[in-house]
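Q: I have a new structure open and don't know my way around it yet. Can you walk me through it?

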Amino acid sequence: MNKTLLLVFLLLACIESVLADDKQKQADFLSVFGDQVLFEQSMREKVLSAEHGKRHYVDQDGDGKPEEVWFIDTDPRHKQDKRPLLVKVIDRDNDLRMGEEPDKDSDLWIADWNADGKVDAVISYEDEDQDNDVDQQALFFYHARFGFCAWWNTDDGDDNHLMMYDIDYVYYQVPCQNYSHFGGNDSFTLFYLDKGTYFPSTMRWIPFWENPFLFYDVNNDGVSEETIRIEGENETVAFLRWSFNLLPDAEDPRNYDVGITACAPGWRPENHWNSAYSLHLSDDVTESFLIAGIPTGRVLKRSTAKDYLAPITWSRVLFTWDEIDLNVAWKNINDTIPRWEGIIAEGYKDDNVFMPQVGGPACGPFNKRYELILHPDKPNEYYYNPAEQKIRIKYSDLAWIDVDFDGDRKRDMYYKGIDTDNDGIVDTIELDADGDGKTDDSWSLDISGVHDIQWEFFSMNQVYAPIITQEPEARYKLVQSLVLALESIQKGLGDDPVFHLLQNRFEKGGIYEKYTHQLIHSDESILYYLTLVQDRQIAKLKQSGAGNDVFWQKFNAARSCGNTSEMLKALNKEFKIKRKSDYKQWINELRKI
């Protein structure tokens with residue numbers, strides 16, 4: 001076969017594939033919705049020939065109340081390649097009136113891209129309690145790989161009636177995520193229409209991918225403090241993500257601080273997606289319901305999810321803390337919003353260790369505290385150590401922070417947490433202060449005050465919130481005294497690029513301008529950067545040889561206990577520092593617009 005004939009053959013094969021997919025797409029929409037999704041030709045031509053945007057009402061029984069309204073949707077949010085976008089809305093609660101707009105509490109919205117007479121997307125709104133506000137929403141669409149699919153969204157208790165945003169009557173992650181609710185006490189699940197694989201005798205919606213995605217507003221402030229995402233198919237669980245927003249703020253509602261990513265029992269790194277998962281959701285923790293009159297497979301209930309998931313022994317667990325308070329897509333400059341999904345950890349891979357990324361986009365490898373358990377032999381346990389003012393997961397095999405303080409996506413520093421006696425508690429920190437792969441400083445952590453902490457919002461918030469309130473000021477004062485101590489040894493020795501970057505509001509770094517304001521106005525970010533400066537300056541002070549043995553004994557003991565005020569006192573005494581630093585003045589000046 002010559003090259004020209006081959007190209008013609010491939011082109012015809014592609015056309016046949018597209019036609020076959022379109023035929024199946026139309027058949028699937030008809031199998032679920034019947035004649036409701038048909039676009040009667042004369043009506044379609046009438047709407048197309050009239051002024052676009054005009055509403056056309058259909059009163060089939062002549063009672064003066066229309067059952068349908070047709071129009072060409074001219075909303076500028078829809079894509080140009082889908083225009084003209086023909087829409088038929090079917091009134092299902094008998095409240096449509098001539099001259100009025102269709103509603104989004106009970107009606108069925110059917111979209112025809114390019115007005116070619118074929119259905120392309122459907123959105124169904126459900127009002128469960130008849131209060132004329134939407135409680136459930138389903139977006140029906142066709143996927144080239146999975147076939148006929150449905151996003152099922154429910155308002156599970158906050159009664160805010162906010163749902164998933166659409167463009168072209170489907171959900172595109174960018175930019176629809178910006179305007180979708182994804183919070184409060186809501187949930188959503190993704191289904192595909194099974195026609196015989198799991199249930200040979202009937203059609204069934206099979207949950208997959210997000211199965212489900214749950215949001216919890218545990219303190220009833222209108223902001224989600226907790227989110228859980230199960231990934232799997234039907235009743236089989238493959239992966240878990242579970243995150244917390246520990247400092248909820250209505251003005252910044254998607255600000256998650258910590259999360260775990262877990263591989264389900266049966267997962268093996270060499271098999272990954274094709275692992276023989278052994279965690280299957282049982283009937284007592286799941287529910288089934290109807291979508292467009294068709295039953296679903298069983299989905300984990302939000303009321304049982306936490307108690308069910310907490311005691312599981314996972315195959316592999318990655319704990320992630322967003323130290324920099326910048327939980328965004330680290331690679332995509334066009335996707336800069338805080339991640340509504342919680343913490344999506346970057347995957348980890350070297351010659352001997354593999355931890356998959358679960359979902360996307362990931363928050364990246366830098367400025368996150370990662371703690372990886374390779375072979376858990378018990379359910380997850382967590383602890384708080386006041387000596388380092390951190391919450392950690394027990395029995396991590398690897399614990400690290402890869403620091404990129406200037407936003408150039410290259411390692412500038414590296415922290416390594418070590419459990420020297422294998423008791424599950426990190427007791428030593430090693431620091432590579434310049435990113436050259438060599439340890440520049442290390443210090444021990446007092447573990448006498450370590451106590452277990454529950455993986456739930458109130459327990460973690462109780463210890464974390466005071467740290468963020470109090471510690472930035474203490475770190476700033478210590479940093480200022482460290483600068484003066486170093487300057488007393490040698491002029492210019494106190495200079496530090498991290499502090500300069502912070503002081504200059506990140507103007508000359510590689511951090512996107514959109515993020516700089518967020519970093520400056522976050523107490524968590526300020527604490528992170530001041531900690532970087534503190535640790536670099538301490539390493540520099542040690543290397544200078546200054547300070548007598550008694551001073552270093554006191555200073556190191558205070559550092560081991562996480563006692564910043566005692567570190568400051570010892571430093572000021574040894575280097576005869578009397579100048580007092582005004583943190584409030586500094587931070588107000590830094591945040592001045």
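Q: What share of the chain's residues is buried?
A: Of the 593 residues, 53% are buried. Keep in mind that this is a predicted model.

Q: And how much surface does the chain expose?
A: About 26800 Å². Carbon and sulfur atoms supply 49% of that area.

Q: What does the chain span along its principal axes?
A: The C-alpha trace covers about 95 × 65 × 50 Å.

Q: How many helices and strands should I look for?
A: There are 11 helices and 28 strands.

Q: Of the contacts between residues at least 6 apart, how many join residues at least 24 apart?
A: The share is 59%.

Q: Let's pick a helix. Which residues of H2 are buried?
A: H2 runs over residues 41-49, and Met 43, Arg 44 and Val 47 are buried there.

Q: Where do they sit around the helix?
A: Looking down the axis of H2, the buried residues fall within an arc of 100°, so they line one face of the helix.

Q: What do they pack against?
A: Four strands: E1 (56-58), E2, E3 and E4 (108-112).

Q: New topic. Which residues does the cis peptide bond before Pro 84 join?
A: Arg 83 and Pro 84, with omega at about -5°. Pro 84 belongs to the loop between strand E2 (68-72) and strand E3 (86-90). E2 and E3 are also among the strands that the buried residues of H2 pack against.

Q: And what about Gly 360 and Pro 361?
A: A cis peptide bond joins them too, and omega there is about 0°. Pro 361 is in a loop as well, between strand E20 (354-355) and strand E21 (369-373).

Q: What is the phi of Asn 132?
A: Near 65°, which is positive, in a residue other than glycine. Asn 132 lies in the loop between strand E5 (121-126) and strand E6 (136-143).

Q: Is Asn 132 buried or exposed?
A: Exposed, with a relative accessible area of 53%.

Q: What about the phi of Lys 576?
A: Lys 576 is not a glycine, yet its phi is positive, about 55°. This residue is in the loop between helix H10 (564-574) and helix H11 (583-590). Lys 576 is exposed, at 69% relative accessibility.

Q: Switching again. How many disulfides are there?
A: The count is 0.

Q: Why no bond for Cys 149?
A: The closest cysteine sulfur, in Cys 176, is 16 Å from the sulfur of Cys 149, too far for a bond. A disulfide would need the two sulfur atoms within 2.5 Å.

Q: Is Cys 149 buried or exposed?
A: Buried, at 1% relative accessibility. Cys 561, by contrast, is partly exposed, at 38%.

Q: Last stop, His 280. Where is it?
A: In the loop between strand E13 (258-263) and strand E14 (286-287). His 280 is partly exposed, at 44% relative accessibility.

Q: What does His 280 touch beyond its neighbours within four places in sequence?
A: His 280 is in contact with Glu 235, Thr 236 and Tyr 308.

Q: Which of them shares a polar contact with the His 280 side chain?
A: Thr 236, side chain to side chain, at 3.0 Å.

Q: And what separates His 280 from Asp 496?
A: They are 216 residues apart along the chain. Their C-alpha atoms are separated by 53 Å.

How values were computed. Residues are numbered from 1 along each chain as its sequence is written. This is a predicted model: local features need pLDDT of at least 70, side-chain atom pairs count only at pLDDT 80 or more; totals for chains, interfaces and linings use all residues. Side-chain values use heavy atoms; hydrogens and water are left out. Helices (H or I, at least four residues) and strands (E, at least two) are DSSP runs, numbered from the N terminus. Buried means under 20% relative accessible area, exposed over 50%, partly exposed in between (1.4 Å probe, protein chains only). Contact means heavy atoms within 4.5 Å. A polar contact is a pair of N or O atoms within 3.5 Å; within protein, one must be able to donate a hydrogen and the other to accept it, and residues adjacent in sequence count only if both atoms are side-chain atoms. The arc is that of the directions from the helix axis to the C-beta atoms. Accessible areas come from the Shrake-Rupley method with a 1.4 Å probe; for residues, only the protein chains shown count as cover.
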